[in-house]
Amino acid sequence: VQLQASGGGLVQAGGSLRLSCAASGRSYSTFSMAWFRQAPGKEREFVAAITRTGAVTRYADSMKGRFTISRDNNKNTVYLQMNNLKPDDTAAYYCAASSLFTTTLSSYDHWGQGTLVTVSS
């Protein structure tokens, strides 16, 4: 599966953005999907994950209540709605696909390119 992330940009603190990740390939619906992010000088970290059907989601603690992951298997797309953004959310955001439903970065075999989110104070 090939992944293409989009939707990043510059937003003020407290604002919102919705990231999209379009997948190509007939096997998209067989993968669990996730978003990770990497801030400058930091390691890539888990943000959110969603199962193949979308029935179950999981979030990093700092994103709970602010971020929502969803997917539309008819459109081969996964989304990350980000609300009440903070300057600490500034990072490149990456979508990823795995045969496992997991928060572990190394379990994700397919990655999109990053989309940059910048939150100004």
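Which side chain meets that of Arg37 in a salt bridge, 2.6 Å from N to O? The partner is Glu45, and that contact is a good place to start reading this predicted model. Here are some notes to help you find your way around.

1. **The salt bridge at Arg37 and Glu45.** The side chains of these two residues meet with N and O 2.6 Å apart. The two partners differ in how much of them is open to the outside: Arg37 has a relative accessible area of 7% and is therefore buried, while Glu45, at 35%, counts as partly exposed.

2. **A second partner for Arg37.** Arg37 also forms a salt bridge with Asp89, and here the closest N and O atoms are 2.8 Å apart. This pair links distant parts of the chain, since Arg37 belongs to strand E4 and Asp89 to the loop between E8 and E9, 52 residues apart. Asp89 has a relative accessibility of 2%, so Asp89 is buried.

3. **From Asp89 on to Arg66.** Asp89 meets the side chain of Arg66 in a salt bridge as well, at 2.8 Å from N to O. Arg66 sits in the loop between strand E6 (57-59) and E7, and Asp89 in the loop between E8 and E9, so this contact ties together parts that are 23 residues apart in sequence. Arg66 counts as buried, with 9% relative accessibility. Through shared partners, the salt bridges join Arg37, Glu45, Arg66 and Asp89 into one network. The count for the structure comes to four salt bridges.

4. **The disulfide.** How many disulfides does the structure hold? There is one, and it is formed by Cys21 and Cys95, whose sulfur atoms are 2.1 Å apart. Cys21 lies in strand E3 (residues 17-24) and Cys95 in strand E9 (residues 91-98), so the pair ties together parts that are 74 residues apart in sequence. The torsion about the S-S bond is about 65°, which means the disulfide is right-handed. If you look for the two cysteines from outside, bear in mind that Cys21 is buried at 0% relative accessibility, and that Cys95 is buried at 0% too.

5. **Strand E1 beside E3.** Strand E1 covers residues 2-6 and has two faces: Leu3 and Ala5 make up the covered one, and Gln2, Gln4 and Ser6 the uncovered one. E1 and E3 run antiparallel and are joined by five bridges. Ala5, from the covered face, stands opposite Cys21 in E3, which brings us back to the disulfide, as Cys21 is one of its two cysteines.

6. **An aromatic cluster.** A search of the whole structure finds four aromatic pairs. In one of them, the rings of Phe36 and Phe46 have centres 5.7 Å apart and planes at 75°, so this pair is edge-to-face. Phe36 is in strand E4 (residues 32-38) and Phe46 in strand E5 (residues 45-50), ten residues apart, and the pair links distant parts of the chain. Both phenylalanines are buried. Tyr108 and Trp111 also pair edge-to-face, because their planes are at 65°, with ring centres 6.4 Å apart. Is Tyr108 buried or exposed? Tyr108 is buried, with a relative accessible area of 4%, whereas Trp111 is partly exposed at 28%. Phe36, Phe46, Tyr108 and Trp111 form one aromatic cluster.

7. **Arginines over tyrosine rings.** Two further contacts are worth finding on screen. The charged end of Arg44 sits over the ring of Tyr94, 3.6 Å from the ring centre. Arg71 lies over the face of Tyr28, at 4.7 Å from the centre of that ring.

8. **Two asparagines with positive phi.** Which value does phi take at Asn76? It is near 50°, a positive value in a residue other than glycine. Asn76 is placed in the loop between strand E7 (67-72) and strand E8 (77-82), and at 22% relative accessibility it counts as partly exposed. Asn84 also has a phi near 50°, again positive in a residue other than glycine. Asn84 is found in the loop between E8 and E9, and this asparagine is partly exposed, with a relative accessible area of 43%. That loop is also home to Asp89, the residue met above in the salt-bridge network.

How values were computed: Residues are numbered from 1 along each chain as its sequence is written. This is a predicted model: local features need pLDDT of at least 70, side-chain atom pairs count only at pLDDT 80 or more; totals for chains, interfaces and linings use all residues. Side-chain values use heavy atoms; hydrogens and water are left out. A disulfide is a pair of cysteine sulfur atoms within 2.5 Å. Helices (H or I, at least four residues) and strands (E, at least two) are DSSP runs, numbered from the N terminus. Buried means under 20% relative accessible area, exposed over 50%, partly exposed in between (1.4 Å probe, protein chains only). Two strands pair if DSSP finds at least two bridges between them. Rings of Phe, Tyr and Trp (its six-membered ring) pair if their centres lie within 6.5 Å; planes under 30 degrees apart count as stacked, over 60 as edge-to-face and the rest as tilted. A charge sits over a ring if NZ of Lys or CZ of Arg is within 6 Å of the ring centre and within 35 degrees of the ring normal.
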